[in-house]
Amino acid sequence: MPANNPGDLHQVSDRLAYNAMRHWKERLIEAVLLAAAAVSVLTTLGIVYVLVSESISFFANVSIVDFLTDTQWTPLFDDAHFGIMVLVSGTLVSSFVALAVAIPMGTIIAIYLSEFADSRVREVAKPILELLGGIPTIVFGYFALLVVTPILQFVLPGLPGFSLLSAGLVMGIMIVPYIASLSEDAMRAVPMSMREGSYAMGATKLYTAVHVVVPAAISGLAASYILGISRAVGETMILAVAAGMQPNLTWNPMEPAATITSYIVQVALGDLPHGSIGYQTIFAAGLTLLLITLLFNILGQWLRARFRENY
Amino acid sequence: MQPLTTDEIRIVIAKGKFRDNLFKAVGIFCLAFALLVIVALIADMVIKGAERFTLDFFLNFASRRAAQAGILSAWVGSLLVMLVTALAAVPLGVAAGLYLEEYAKRNWLTNLIEINITNLAAVPSIVYGLLALGIFVYQFGFGQSILSAGLTLALLILPIIIVSTREAIRAIPAMIREGSMAVGATRWQTCRYHIIPYAMPGILTGVIIGLARAIGETAPIITIGALTFIAFLPPLPFTAAEGGATAGLFDWVMSPFTVMPIQIFNWTSRPDPAFEVNAAAAGFVLMAMVLSMNAVAIYLRYKMRKRIKW
Amino acid sequence: MSNHETPVLKAEARGLNFYYGEAQALKNINMPIYDKKVTALIGPSGCGKSTYLRSFNRMHDLYPGNRYEGEIRFFPDNTNLLGSDVDPIEVRMRVGMVFQKPNPFPKTIFENVAYGLRVRGENNKRVLEDKVEHALKSAAIWEEVKNRLQDQAPNLSGGQQQRLCIARALATDPELLLFDEPTSALDPIATGAIEELVHELKKRVTILIVTHNMQQAARVSDYTAYMFLGEMIEFGKTDQIFIKPQDKRTEDYITGRMG
């Protein structure tokens, strides 16, 4: 309570003045809190402003058609080419490898924990999974380059020291906890009465899980997959460390290749003058990355609206 | 219509149960595999890095000779960057969460802020690095400093803190609010004396998870152009600085720096295998920091769930 | 109801006890269920009537810590439904159930009704179509849904959903059909439709119904059992239970002095 307790204010005018002050103080606090909430909008505006303004300068020098169709990415060479598809291919191939691991594994773990495991197993496994979700990606990058690649080379003798495959597989393991944890939450939210309805028909656990629980939780599952895709597309360090950084237009995971993110890292590691075309390329690449992420998120929100849970 | 005979039913059931058990085995295998990978990761770093777990490793600067290199500038840098991040993100995040739960009216502005926060959480971290490079480093002239890095990571973890603040506040029943307002408290007094204290454990959980995420982030810090070879510490307040002057209280925020993940990245990308040992040891230290922070947060959350309900 | 015909036994509880962990929920229940008759279970909340009902299809096996003692004999083959050597899934394939709150699956109307058939390995389109139509007709909902079989079932009204759930249970020709307060979530008109349906169904299937509503028990059942605190207080023909109950406790409940 403020020092001047309203009980001490005997004059009506005093009390009105006190109330007015209280009122203004409340308004001021509300304005400060609103400003804090607005920081998130400013962040978005800042991101859009930086990416778009630098990209505009970039596209003043490079045509959009070349950017989208050129098959070479050599922005720092004398004979400069700016074909973003080179970087996009690396991003898509590594993401595909990662999701090919993470979506099936994450979903199976989620179904197992939600429908099969008894509560003690779940209570231990769930926090451990959450813990794994917090491992820094640079540590995974180290693991991909120095542990997983040698093991893979043992199985696949032709595999080079840097590859999208190795980075993608480790990225997949990194994403498993997110998908498993979110999908499990979605399936646990399906009411028990729905499962009872299926069991009462004589269905087994797996049949119930696949035919009733998964369809009922489908929008939650889709959301977890979209998050997984966002993670894979935006992942940087694992690729920068283990996939090599040379631009390479390829759809073969056995090859090394740069991704959008690892290219940005590579440029940032060097010393490019502010305002040069090389400096602008990372913003054009960043804008492309943001648009790809945005695309998946819009798709995710559409899926959510389309399959809203109606139990 | 001829119903199935008992034997036919038993065959159907036996098939179903076989599939159940098969799936169970696959599920256990997947779970065990995911855990095994992590165990392998930790074991590899511990075994490879074992020879570096000495006091010198923590007290030495980075060096060209692997055996003498240490992580002093890296862990000091990480702590200082985290300090800036926490000082910026915690008040902003809690204030924003409080506004959205306790003050906001249902209008287009609130909707915009909410949609915006959801979408920001999905923006790749390297994009925050580009934002910081354009705005903090060049526009604001903060350069490649602890301040730039701290603010960048603050923006990155802001959605995490806002969301956990909101969840913590939402768990407080309306009667607490009504009880406070009914005795004449203003909205702010209600927040200050009731809502914030009750939501504290939940907010704290979010803050720890956010900081654990920030301390392991590499990409945005590389993007702002943080140097990778730093063999000095930021100036301690009131000590002698270069040119005989005395360092001011806040000079360190503008200092160049390195952090743990960048040090690891640096060592990992060296062709000389001797540095692998350093990378393993530093990786283990970083992972121990992150995992213990997360473990505290998860413990707090589970404890809160078990606490007496209102 | 004709009094001279001797009823045939379909099932019989013998010395049935049931425990949720340490807590005993059913105490030494002995009771016959007659073939092609409707038997109603009445009693105040928490008296164990739903617990008893859910023993017939081993629903309690889904949760850890539950335990049965005694037996439920099922005829004509005289199987003990609770026997440890009897597979609960096999029991559920013979005993259908309709729940308190309609719980259609997030699938089409057609797939909801075909669910039990598919569980049994039936995938022939012609057979499925035949049986689904027949079940929907038996559940008196065919006319309302015949042109929208591919619509999502959760979009139906509450009363339609419950009749769909009945069709779903009927499609596999269960020998015994359990109803757990099937109308408690429905409005009076939908309730009337379900009651009429129950009356119709007893021509082909034995029915055990838990109800909160004594008028409903009086309207639809041939036999009534009154339960109180986990015990079977009185079992008899419905008219007899309602007109001249033997036990004081039954009389108190029926005349509204308690519960």
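Two strands count as paired if DSSP finds at least two bridges between them. The structure is a predicted model, and the exercises below apply that rule and a few others to it.

**Exercise 1. Describe the open sheet of six strands in chain C: its order, its pairing and its edges.**

Step 1. The strands of this sheet in chain C lie in the order S6-S7-S8-S3-S9-S10, and the pairing is mixed.

Step 2. At the edges stand strand S6 (95–98) and strand S10 (231–237) of chain C. Each has a single partner strand, so one side of each is left without a neighbour in the sheet.

Step 3. From one strand to the next, the twist averages 20°.

Step 4. For a parallel pair within this order, take strand S3 (residues 38–42) and strand S9 (residues 223–228) of chain C, which are joined by four bridges. Leu41(C) has Ala225(C) in S9(C) as its bridge partner.

Step 5. A helix also packs on the sheet: H6(C) touches S6 and strand S7 (176–180) of chain C. The direction of H6(C) makes about 175° with that of S6(C).

**Exercise 2. Find what else H6(C) packs against, and classify the residues of that contact.**

Step 1. Helix H6 (residues 158–170) of chain C packs with helix H3 (residues 109–119) of chain C. The angle is about 35° and the axes are 6 Å apart.

Step 2. On the H3(C) side the residues are Ile109(C), Asn112(C), Val113(C), Tyr115(C) and Gly116(C). They meet Leu164(C), Ala167(C) and Arg168(C) in H6(C).

Step 3. Sorted by class, the contact of H3(C) with H6(C) has five nonpolar residues, two polar and one charged.

**Exercise 3. Work through the open sheet of four strands in chain C, from its order to its hairpin.**

Step 1. The order is S2-S1-S4-S5 (chain C), with antiparallel pairing.

Step 2. Strand S2 (23–34) and strand S5 (79–80) of chain C are the edge strands. Each has a single partner strand, so one side of each is left without a neighbour in the sheet.

Step 3. Strand S1 (residues 9–20) and strand S4 (residues 66–74) of chain C run antiparallel and are joined by eight bridges. Two positions show the register: Ala13(C) stands opposite Ile72(C) in S4(C), and Tyr20(C) has Asn66(C) in S4(C) as its bridge partner.

Step 4. S4(C) also pairs with S5(C), in the antiparallel sense, over two bridges. Here Arg73(C) is matched with Asn80(C) in S5(C).

Step 5. S4(C) and S5(C) form a hairpin, with four residues between them. In the turn, Asn78(C) has a positive phi of about 55°.

**Exercise 4. Decide how the radius of gyration of chain A compares with that of a compact globule.**

Step 1. Start with the secondary structure: chain A has twelve helices and zero strands.

Step 2. A compact globule of 311 residues would have a radius of gyration near 19 Å, but the value for chain A is 26 Å.

Step 3. The C-alpha trace of chain A spans about 90 × 70 × 35 Å along its principal axes.

**Exercise 5. Characterise the contact between chain A and chain B, then one helix pair across it.**

Step 1. Chain A contributes 68 residues and chain B contributes 70 residues.

Step 2. On the chain A side, the largest share comes from helix H1 (residues 12–61) of chain A, with 19 residues. That side divides into 46 nonpolar, 16 polar and six charged residues.

Step 3. For the helix pair, take helix H5 (residues 137–155) of chain A and helix H10 (residues 260–268) of chain B. Their angle is about 15° and their axes are 9 Å apart. That angle makes H5(A) roughly parallel to H10(B), since angles under 35 degrees count as roughly parallel.

Step 4. The crossing of H5(A) past H10(B) is left-handed.

Step 5. Ile138(A), Gly141(A), Tyr142(A) and Leu145(A) in H5(A) meet Pro261(B), Ile264(B), Phe265(B) and Thr268(B) in H10(B). By class, these are six nonpolar, two polar and no charged residues.

**Exercise 6. Give the make-up of the chain C side that touches chain B.**

Step 1. Eight residues of chain C are in contact with seven residues of chain B.

Step 2. Helix H2 (residues 88–94) of chain C supplies the largest share of the chain C side, three residues.

Step 3. The classes on the chain C side are two nonpolar, one polar and five charged.

Terms used:
Residues are numbered from 1 along each chain as its sequence is written. Chains are lettered from A and ligands numbered from 1 in the order in which they are written. This is a predicted model: local features need pLDDT of at least 70, side-chain atom pairs count only at pLDDT 80 or more; totals for chains, interfaces and linings use all residues. Axes are lines fitted to C-alpha atoms, for helices over the stretch in contact, and angles run from 0 to 180 degrees between N-to-C directions. Angles under 35 degrees count as roughly parallel, over 145 as roughly antiparallel, 65 to 115 as roughly perpendicular and the rest as oblique. A crossing is left-handed if the near helix is turned anticlockwise from the far one by less than a right angle, and right-handed if clockwise. Two residues are in contact if their C-beta atoms, placed from the backbone, lie within 7 Å. Ala, Val, Leu, Ile, Met, Phe, Trp, Tyr, Cys and Pro count as nonpolar, Asp, Glu, Lys and Arg as charged, and the others, Gly among them, as polar. The radius of gyration is taken over C-alpha atoms; the globule rule is 2.2 Å times the number of residues to the power 0.38.
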